[in-house]
Amino acid sequence: MGILNLTPDSFSDGGLYLDPEKALERAREMVAEGADILDLGAESTRPGADPVPVEEEKRRLLPVLEAVLSLGVPVSVDTRKPEVAEEALKMGAHLLNDVTGLWDERMVALAARYGVPAVVMHMPVPDPKAMMAHARYQDVVAEVKAFLKAQAEKALGAGVPQVVLDPGFGFGKLLEHNLALLRRLDEIVALGHPVLVGLSRKRTIGELTGVEDPAQRVHGSVAAHLFAVLKGARILRVHDVRAHREALRVWEALWG
């Protein structure tokens with residue numbers, strides 16, 4: 001899953017693809033590099049990020065979505081706003097990626113009505129600006145697993161055709177929480193739904209490698225994601241598609 005951030009303030013590539021032509025060029029490039037899915041987001045959800053008004057998010061997202069839908073690959077829309085999600089699904093988006101884990105039941109209803117899968121991600125509170133203040137767990141894996149299980153059952157029970165589980169690395173979680181979730185990812189995989197992992201260029205990678213510039217955290221991101229695949233992850237959400245595709249080709253050849 002290739003990341004396309006249509007934002008001025010995302011932690012790694014904010015401002016690079018605000019121009020719709022540049023965004024479309026990057027989308028084409030990621031498809032050529034081997035992306036199976038493109039994930040479009042027009043609101044930064046990095047820790048401490050300010051919310052974006054609905055109309056501004058639509059202004060950034062919808063023209064690019066219309067263009068990217070012509071590329072012939074599934075398109076995921078990364079939004080936590082039902083108003084934005086509905087417009088995107090009406091246009092033909094294939095997947096709803098909600099970082100709040102379908103906290104707003106209108107998101108569940110939309111995925112069910114349009115018959116699209118939904119990514120259920122764990123975040124301790126549905127507010128990126130406040131989530132790091134809630135990075136407190138007795139057993140982070142057990143708590144995240146319980147949340148994902150409950151939200152998945154709710155969505156499927158409401159008619160959503162499929163769910164994808166995302167532990168929410170970095171969303172209201174410290175380094176030790178992220179490492180525990182990665183080491184025990186197979187416990188979340190055991191819930192029986194496809195698991196998405198998104199550690200690309202994140203602070204955890206920087207803390208482990210000492211690399212401060214997010215754009216230079218490619219090697220650490222690939223290493224973490226290969227471990228996630230070993231633990232059963234089915235989707236990798238990444239900035240650097242080519243690096244991950246090449247690493248996975250070698251990985252698959254070795255495993256047979």
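This is a guided tour of one protein structure, stop by stop, saying what to select and what is there.

The structure is a predicted model, in which local features need pLDDT of at least 70 and side-chain atom pairs count only at pLDDT 80 or more, while totals for chains, interfaces and linings use all residues. Residues are numbered from 1 along each chain as its sequence is written, and side-chain values use heavy atoms, with hydrogens and water left out.

**The whole chain**

Begin with the whole protein in a cartoon view, where there are ten helices and eight strands; helices (H or I, at least four residues) and strands (E, at least two) are DSSP runs, numbered from the N terminus. The C-alpha atoms fill a box of roughly 40 × 40 × 35 Å, taken along the principal axes. The radius of gyration is 17 Å, which agrees with the value near 18 Å for a compact globule with 256 residues; this radius is taken over C-alpha atoms, and the globule rule is 2.2 Å times the number of residues to the power 0.38.

Now switch on the surface, whose accessible area comes to about 11,300 Å², with 53% of it belonging to carbon and sulfur atoms; such areas come from the Shrake-Rupley method with a 1.4 Å probe, and for residues only the protein chains shown count as cover. Of the 256 residues, 54% count as buried, where buried means under 20% relative accessible area, exposed over 50%, and partly exposed in between (1.4 Å probe, protein chains only). Among the contacts with a separation of 6 or more, 65% are between residues 24 or more positions apart, a contact being heavy atoms within 4.5 Å.

**Salt bridges**

Side chains of opposite charge can pair when their charged atoms come close. A salt bridge here is a side-chain nitrogen of Lys or Arg within 4 Å of a carboxyl oxygen of Asp or Glu, and by this rule the count comes to 21.

Select Asp-39 and Arg-237 next, whose side chains meet in a salt bridge at 2.8 Å, N to O. This pair links distant parts of the chain, since Asp-39 is in strand 2 (residues 38–41) and Arg-237 is in the loop between strand 8 (235–236) and helix 10 (241–255), 198 residues apart. Both Asp-39 and Arg-237 are buried.

Move on to Lys-81 and Glu-43, which form a salt bridge at 2.8 Å, N to O. Here too the pair links distant parts of the chain, with Lys-81 in the loop between strand 3 (75–78) and helix 3 (82–91), and Glu-43 in the loop between strand 2 and helix 2 (54–68), 38 residues apart. Lys-81 is buried, with a relative accessible area of 12%, and Glu-43 counts as buried at 6%.

For a salt bridge inside one helix, select Arg-242 and Glu-246, whose closest N and O atoms are 2.9 Å apart. Because Arg-242 and Glu-246 are four residues apart in helix 10, about one helical turn separates them. Arg-242 counts as exposed at 53% relative accessibility, whereas Glu-246 is partly exposed at 41%. To end this stop, select Glu-43, Glu-57, Arg-80 and Lys-81 together, which are joined into one network by salt bridges that share partners.

**Helix 6 and its neighbours**

Which residues of helix 6 are buried? Select residues 175–183 to find them: His-177, Asn-178, Leu-179, Ala-180, Leu-181 and Leu-182. These buried residues of helix 6 pack against helix 5 (140–157), helix 7 (185–189), helix 8 (203–209) and helix 9 (218–230).

**Ala-112**

Go next to Ala-112 in helix 4 (residues 105–114), a residue that is partly exposed, with a relative accessible area of 22%. Leaving aside neighbours within four places in sequence, Ala-112 is in contact with Ala-158, Gly-159 and Val-160. From Ala-112 to Leu-156 the distance is 8.4 Å, C-alpha to C-alpha, although these two residues are 44 residues apart in sequence.

**Two loop residues with positive phi**

Finish with Leu-102, in the loop between strand 4 (95–98) and helix 4, where phi is near 60°, a positive value in a residue other than glycine. Leu-102 counts as buried, at 0% relative accessibility. The last selection is Arg-201, in the loop between strand 7 (196–197) and helix 8; Arg-201 is not a glycine, yet has a positive phi of about 60°. At 11% relative accessibility, Arg-201 counts as buried.
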